[in-house]
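Welcome! Take a moment to look over the structure below, and then we will walk through it together.

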Amino acid sequence: MKNFNVRWSTSVRLISAITFILLAGACVVMFAFGNEWWNYAFGAIIVLAVVYAAAMSPLRVTMLDDRIVIHKIIGSKTILFEKITELVPYKADVRHTARLLGSGGFLGYTGLFYDKQIGRYTSYVGSYDNDQLVLICTGGGMKYLISCENAQELISTYNNIFK
């Protein structure tokens, strides 16, 4: 078993801190000025948005004998080696990346994205530093972009175990 930490870039940390402060402030203001149904509705939407972001936000990647596990603030995502068709380093060009559904900096770059090079993929990225990005493709057509420290070691470990 090998663990690879996900490092959040300075921009992700800054966006996350500012967004969290603004969302918490919005909740305080809403409940300070009324006890109406829409206050509770907006409060619930804010809580759900934060929970979703936390459920997608990567903390570390663990490589076991037969799978890769992406540990998130809430939960984890497992990708079995037998389903992986390609695991390679990736050089991102964020100018050609579109977020379809997810977060563009709050607790990471997570969710469903589209890129001209690889098409539609699920992102679990803490930093777009090119030396930290790994593209995982599966036989079912799913694509995952992850980031972690020592990404080249993760790729080498996978190649040594599986190939």
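This report goes from the overall chain to its aromatic pairs, its salt bridges and a surface patch.

This is a predicted model, in which local features need pLDDT of at least 70 and side-chain atom pairs count only at pLDDT 80 or more, while totals for chains, interfaces and linings use all residues. Residues are numbered from 1 along each chain as its sequence is written, and side-chain values use heavy atoms, with hydrogens and water left out.

## The chain as a whole

Let us start with the overall picture. The chain has three helices and ten strands; helices (H or I, at least four residues) and strands (E, at least two) are DSSP runs, numbered from the N terminus. Following the sequence, you meet them in the pattern β-α-α-β-β-β-β-β-β-β-β-β-α. The C-alpha trace spans about 60 × 35 × 30 Å along its principal axes.

Of the 163 residues in the chain, 42% are buried. Here, buried means under 20% relative accessible area, exposed means over 50%, and partly exposed lies in between (1.4 Å probe, protein chains only). The accessible surface of the chain is about 9,000 Å², and carbon and sulfur atoms account for 61% of that. Such areas come from the Shrake-Rupley method with a 1.4 Å probe; for residues, only the protein chains shown count as cover.

## Aromatic pairs

How many aromatic pairs does a search of the whole structure find? There are three. Rings of Phe, Tyr and Trp (its six-membered ring) pair if their centres lie within 6.5 Å; planes under 30 degrees apart count as stacked, over 60 as edge-to-face and the rest as tilted.

One of these pairs is Phe81 with Tyr158: the ring centres are 5.1 Å apart and the planes stand at 80°, so the pair is edge-to-face. Phe81 sits in the loop between strand E4 (76–80) and strand E5 (84–89), and Tyr158 in helix H3 (residues 151–162), so the pair ties together parts that are 77 residues apart in sequence. Both residues are buried.

Another pair is Tyr109 with Tyr128, where the centres are 4.9 Å apart and the planes are at 50°, so this pair is tilted. Tyr109 belongs to strand E7 (residues 108–115) and Tyr128 to the loop between strand E8 (119–125) and strand E9 (133–138), so parts 19 residues apart in sequence are tied together. Tyr109 and Tyr128 are buried.

## Salt bridges

Side chains of opposite charge can pair when their charged atoms come close. The structure holds three salt bridges, each being a side-chain nitrogen of Lys or Arg within 4 Å of a carboxyl oxygen of Asp or Glu. Here they are:

| Acidic residue | Basic residue | Closest N to O distance |
|---|---|---|
| Glu153 | Lys2 | 2.5 Å |
| Asp129 | Arg7 | 2.2 Å |
| Asp66 | Arg67 | 2.7 Å |

Which distant parts of the chain does the Glu153 and Lys2 pair link? Glu153 is in helix H3 and Lys2 in strand E1 (residues 2–5), 151 residues apart. Glu153 is partly exposed at 33% relative accessible area, and Lys2 is partly exposed at 35%.

The pair of Asp129 and Arg7 also links distant parts of the chain: Asp129 is in the loop between E8 and E9, and Arg7 in the loop between E1 and helix H1 (10–32), 122 residues apart.

## A nonpolar patch

Finally, look at the surface. Val47, Val51, Leu59, Ile73 and Ile74 make a nonpolar patch of about 390 Å². Patches are made of residues with over 30% relative accessible area and no salt bridge: like charges are joined within 9 Å, and nonpolar side chains (Val, Leu, Ile, Met, Phe, Trp, Tyr) within 5 Å. Val47 lies in helix H2 (residues 37–56) and is partly exposed, with a relative accessible area of 47%.
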